[in-house]
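User: Could you take one part of this model and walk me through it closely, then show how it sits in the rest of the fold? I'd like one connected account rather than a list.

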Amino acid sequence: MTASDLFGSNEYQMYVIFGRKARKTAINRAFSQCMTTCKNPDELQQILSSHRSRSQKIGIVPTMGALHSGHRSLLEVAQENCDVVVLSIFVNPTQFNETKDYDTYPTAIEEDLNMAQSVGVDVVF
């Protein structure tokens, strides 16, 4: 499964974080306070398909977790420019030269989820 399978490949369906400007409606902002978490790509695809069918702009902020102020800034930009904001958290073991680096990479999932909620992320994957 590719990113375009999950988020849509048409220009009007998905906007990269620094892409075109759009404003969320008050209804979407209120709805976004209900953050959904999912671990299964099929579940994410199902969640996003309803947004794609309404031609909503989907922004994704891919991370390795251990969120900091830079991530917060990206999430805020996505929030301002997209109808739906997805935060992905994935620590890829192949990105590390040493196994011990992977083993000691910081994980702070509760803090990450709290930050995501405070910014108004719609979906955490």
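Analyst: Happy to. Two residues are in contact when they have heavy atoms within 4.5 Å of each other. With that in hand, and bearing in mind that this is a predicted model, let's start at tyrosine 102. Setting aside neighbours within four places in sequence, tyrosine 102 is in contact with Val91, Pro93 and Phe96. Val91 is 11 residues away from tyrosine 102 along the chain, and their C-alpha atoms are 8.2 Å apart. Tyrosine 102 belongs to helix 5, which covers residues 99–103. The relative accessibility of tyrosine 102 is 34%, between the limits of 20% and 50%, so this residue counts as partly exposed.

Now let's step back to the fold around that site. The protein has 6 helices and 4 strands, and from the N terminus they come in the order α-α-β-α-β-α-β-α-α-β. Of its 125 residues, 37% are buried. Taking contacts between residues at least 6 apart in sequence, 82% link residues at least 24 apart.

The 4 strands make an open, parallel sheet with the order 1-4-3-2. Strand 1 (36–37) and strand 2 (58–63) are the edge strands with a single partner strand each, so each has one side without a neighbour in the sheet. Strand 1 is held alongside strand 4 (residues 123–124) by 2 bridges, the two running parallel; threonine 37 has valine 124 of strand 4 as its bridge partner. Helix 3 (residues 41–53) lies across strands 1, 2, 3 and 4, at about 165 degrees to strand 3. Helix 6, in turn, lies across strands 1, 3 and 4, at about 170 degrees to strand 3.

Helix 6 deserves a longer look. Its buried residues include Asp112, Met115, Ala116 and Val119. Viewed down the helix axis, the buried residues of helix 6 fall within an arc of 100 degrees, so they line one face. Exposed Glu110 and Asn114 sit on the face turned away from that buried side. Helix 4, strand 3 and strand 4 are among the elements covering the buried residues of helix 6. Right after helix 6 comes glycine 120, with a positive phi near 95 degrees.

That buried face leads us to the largest nonpolar core, whose 11 residues are Val61, Leu67, Leu75, Ala78, Val85, Leu87, Met115, Ala116, Val119, Val121 and Val124. Helix 4 (69–81), strand 3 (84–89) and helix 6 (109–119) each give two or more residues to this core, and helix 6 gives the most, with 3. Methionine 115, in particular, is in contact with Leu67, His68 and Arg72 once neighbours within four places in sequence are left out. Apart from this core there is another one of 9 residues, including Leu44, Ile47, Val84 and Val86.

One last detail concerns the cysteines. There are 0 disulfides in the structure. Cysteine 34 has a relative accessible area of 51%, over the 50% limit, so it counts as exposed. Cysteine 38 comes to 5% relative accessibility, under 20%, and therefore counts as buried.

Key
Residues numbered from 1 in each chain as written. Predicted model: local features only at pLDDT ≥ 70, side-chain atom pairs only at ≥ 80, totals over all residues. Heavy atoms only, no water. Core = buried A, V, L, I, M, F, W, Y, C linked by side-chain atoms within 4.5 Å. Buried < 20%, exposed > 50% of the residue type's maximum accessible area, 1.4 Å probe, protein only. Pairing = 2+ DSSP bridges. Axes fitted to C-alpha atoms, helices over the stretch in contact; angles between N-to-C directions. Arc of directions from axis to C-beta. Disulfide = S-S within 2.5 Å.
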